[in-house]
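Reader: I am new to this structure and would like a close look at a single part of it. Please take me through that part slowly, with the meaning of each term as you go.

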Amino acid sequence: MARKFVETINRHGGNATLVELPKIGIYGNTHFLMQDLNNDKLAELLDERLSSAEKKTHNKQ
């Protein structure tokens, strides 16, 4: 389902990426990511991805 969601967003001009946490070494998470014990790792990952996307956007302008 998540893959189809990402495909749909990208097909309509968005920029979505599916991140499967176990595939990048982050395990044991719930649907309440910021309440999980490893929320610092998740916040760092999100910050990196948002910063990278912001830089790409500014470089296009």
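**The loop and its surroundings**

Author: Leu 33 is found in the loop between α1 (2–11) and α2 (39–60), where helices are DSSP runs of H or I with at least four residues, numbered from the N terminus. This is a predicted model, in which local features need pLDDT of at least 70 and side-chain atom pairs count only at pLDDT 80 or more, while totals for chains, interfaces and linings use all residues. Residues are numbered from 1 along each chain as its sequence is written, and side-chain values use heavy atoms, with hydrogens and water left out.

With a relative accessible area of 35%, Leu 33 is partly exposed, a class that lies between buried (under 20%) and exposed (over 50%), judged with a 1.4 Å probe and protein chains only. Together with Met 34, Leu 46 and Leu 50, Leu 33 makes a nonpolar surface patch of about 370 Å²; such a patch joins nonpolar side chains (Val, Leu, Ile, Met, Phe, Trp, Tyr) within 5 Å, from residues with over 30% relative accessible area and no salt bridge, and the areas come from the Shrake-Rupley method with a 1.4 Å probe.

Leu 33 also helps to line the largest pocket, as do Met 34, Leu 46 and Leu 50, and the lining includes Thr 17, Val 19 and His 31 as well. A pocket is an open set of points on a 1 Å grid over the protein atoms alone, where a 1.4 Å probe fits, with protein on both sides within 12 Å along at least five of seven lines, and its lining residues have an atom within 4 Å of a point. This pocket has a volume of about 300 Å³, and its lining divides into eight nonpolar, two polar and one charged residue.

The loop between α1 and α2 also holds Glu 20, which is paired with Arg 3 in helix α1, 17 residues apart, so that distant parts of the chain are linked. Their side chains meet in a salt bridge at 3.0 Å, N to O, the term being used for a side-chain nitrogen of Lys or Arg within 4 Å of a carboxyl oxygen of Asp or Glu. Glu 20 meets Lys 23 in a salt bridge too, at 3.5 Å, N to O, and Arg 3, Glu 20 and Lys 23 are thus linked in a network. Glu 20 is partly exposed at 30% and Arg 3 is partly exposed at 49%, whereas Lys 23 is exposed at 66%.

Methods. Patch = residues over 30% accessible without salt bridge, like charges linked within 9 Å, V, L, I, M, F, W, Y side chains within 5 Å. Helix = DSSP H or I, 4+ residues; strand = E, 2+ residues; numbered from the N terminus. Points joined across faces, edges and corners; volume = space filled by probe spheres on them. Nonpolar A, V, L, I, M, F, W, Y, C, P; charged D, E, K, R; others polar.
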